[in-house]
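Student: I'm new to this structure and would like a close look at a single part of it. Could you pick one spot, stay with it for a while, and then show me what lies around it?

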Amino acid sequence: MIHNLFTAGQINGTSGYEEAAAQGLIAGINATKKLNGESPLVLRRDEAYIGVMIDDLVTKGTKEPYRMLTSRAEYRLLLRHDNADERLRKHGYDAHLVKKEVYQAYLDKMERIHNEIDRLETIRFTPKHEINDVLEELGSSRLNEGISAKALLQRPEMDYQKLKPFIGETTLTLEEEKRVTILIKYKGYIDKALRQVEKVKKMEEKQIPLDIDYDNVLNLSLEAKQKLSEIRPLTIAQASRISGINPADISVLLIYLKQHY
């Protein structure tokens with residue numbers, strides 16, 4: 001490890017302008033944080049494709065020029081273009097790249113979105129409601145019991161625009177209406193992905209000391225010792241993603257850390 005050296009682009013094994021620009025952004029942010037004595041910005045795999053790319057470069061290395069593909073991200077459902085601000089705006093604000101008024105505008109927007117989701121929960125439709133005619137036109141089943149506007153929006157045939165005539169006027173922008181639709185329609189899938197993220201976060205929180213001597217870890221496979229010594233992962237989660245490191249190696253490492261740290 002070379003302290004105070006920040007690099008980006010082909011020197012790190014990537015190919016492509018976008019990959020180089022992304023690394024340059026993080027390198028610049030963390031060089032500034034280093035000078036200010038602040039903790040570095042490390043984006044997680046569930047937060048940004050930049051996080052996926054950097055984690056891949058660190059843990060998997062490169063046998064050929066690396067390009068960032070969506071298929072490399074296990075949390076693709078969370079890394080959507082519509083929620084980039086939700087994932088990254090605070091990081092930008094904390095790094096002094098986003099102005100206070102821009103960040104406040106983002107907070108106001110998210111408040112409107114979540115308030116609207118709560119409001120749709122309170123709006124009810126009965127089997128006698130005229131919305132049944134719209135549902136029939138869409139090829140969706142008619143209501144046979146009371147249902148909330150939020151639950152109705154979960155139907156594949158329904159979207160916010162078709163629902164608007166029956167829920168009253170709002171001040172939401174088209175972008176905000178789309179976000180409301182996505183958060184309601186795909187809530188089950190999003191929640192499942194978030195639960196997976198929480199499991200991994202617990203492993204991410206388990207830090208590995210930089211001064212650990214892997215040769216002293218009994219019952220750790222030879223391949224694991226070599227790769228862990230070379231890559232020097234910062235967390236258990238990062239170690240688990242290294243090619244050739246199996247669950248048994250992680251269990252041995254966890255026991256060693258508990259006994260000695």
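Tutor: Let's take the second largest pocket, where helix H9 gives the most to the lining, with seven residues. Keep in mind as we go that this is a predicted model. The pocket has a volume of about 440 Å³. Its lining is made up of 20 residues, and Leu 78, Glu 86, Leu 183, Ile 190 and Leu 194 are the ones nearest its centre. Besides H9, the elements that supply two or more lining residues are helix H3 (84–94), H4 and H8. Sort the lining by class and you get seven nonpolar, two polar and eleven charged residues.

Now stay with H9 for a moment. Lys 187 and Asp 191 both sit in this helix, four residues apart, or about one turn. Their side chains meet in a salt bridge, with 2.6 Å from N to O. Are these two buried or exposed? Neither, quite: Lys 187 counts as partly exposed because its relative accessibility is 37%, and Asp 191 also counts as partly exposed, at 25%.

H9, which spans 187–205, also turns up in the largest nonpolar core, as do H4 (100–122), H5 (131–137), H6 (149–153), H7 (160–163) and H8 (174–185), each giving two or more residues. H4 provides the largest share of this core, six residues. The core has 31 residues in total, and those with the most contacts inside it are Leu 120, Phe 125, Leu 152, Leu 153, Leu 163, Ile 167 and Val 180. In soluble globular proteins, nonpolar side chains tend to be buried together.

Phe 125 is a good residue to click on here. Leaving out residues up to four places away in sequence, Phe 125 touches Ile 131, Leu 143, Glu 145, Gly 146, Ile 147, Ala 149, Leu 152, Leu 163, Phe 166 and Ile 167. There is also a second, separate core of 16 residues, with Leu 220, Ile 236, Leu 253 and Tyr 256 among them.

Back to charged pairs, then. The whole structure has 28 salt bridges. One of them joins Glu 136 to Arg 142, with the closest N and O atoms 2.7 Å apart. Glu 136 is partly exposed, with a relative accessible area of 49%, and Arg 142 is partly exposed too, at 42%. Another pairs Lys 162 with Asp 159, and there the closest N and O atoms are 2.9 Å apart. Lys 162 counts as partly exposed at 32% relative accessibility, while Asp 159 has a relative accessible area of 25% and is also partly exposed.

Some of the charged residues are joined in a bigger arrangement: Arg 45, Asp 55, Asp 56, Lys 60, Glu 74, Glu 204 and Arg 241 are linked in a network of salt bridges. Follow that network and you come to a closed space. Which residues line the largest cavity? They are Arg 44, Arg 45, Asp 46, Glu 74, Tyr 75, Val 197, Val 200, Lys 201, Glu 204 and Arg 241. Seven of the lining residues are charged and three are nonpolar, with no polar ones. The volume of this cavity is about 70 Å³, and the count of cavities of 30 Å³ or more comes to one.

The network also leads to helix H2, residues 49–59, where Asp 55 and Asp 56 are buried along with Gly 51, Val 52, Met 53, Leu 57 and Thr 59. The cover over the buried residues of H2 includes helix H1 (17–35), helix H10 (222–231) and helix H11 (236–240). After H2 comes Gly 61, which has a positive phi, near 70°.

Two other residues have a positive phi without being glycines. Arg 232, in the loop between H10 and H11, has a phi of about 55°. Arg 232 counts as partly exposed, at 25% relative accessibility. Asn 4 belongs to the segment before H1 and has a phi of about 65°. Asn 4 counts as exposed because its relative accessibility is 58%, and the cut-off for exposed is over 50%.

Methods. Residues are numbered from 1 along each chain as its sequence is written. This is a predicted model: local features need pLDDT of at least 70, side-chain atom pairs count only at pLDDT 80 or more; totals for chains, interfaces and linings use all residues. Side-chain values use heavy atoms; hydrogens and water are left out. On a 1 Å grid over the protein atoms alone, a cavity is a set of points where a 1.4 Å probe fits but cannot get out, and a pocket is an open set with protein on both sides within 12 Å along at least five of seven lines; lining residues have an atom within 4 Å of a point. Grid points are joined across faces, edges and corners, and a volume is the space filled by probe spheres set on the points. Ala, Val, Leu, Ile, Met, Phe, Trp, Tyr, Cys and Pro count as nonpolar, Asp, Glu, Lys and Arg as charged, and the others, Gly among them, as polar. A nonpolar core is a set of buried Ala, Val, Leu, Ile, Met, Phe, Trp, Tyr and Cys residues joined through side-chain atoms within 4.5 Å. Buried means under 20% relative accessible area, exposed over 50%, partly exposed in between (1.4 Å probe, protein chains only). Contact means heavy atoms within 4.5 Å. A salt bridge is a side-chain nitrogen of Lys or Arg within 4 Å of a carboxyl oxygen of Asp or Glu.
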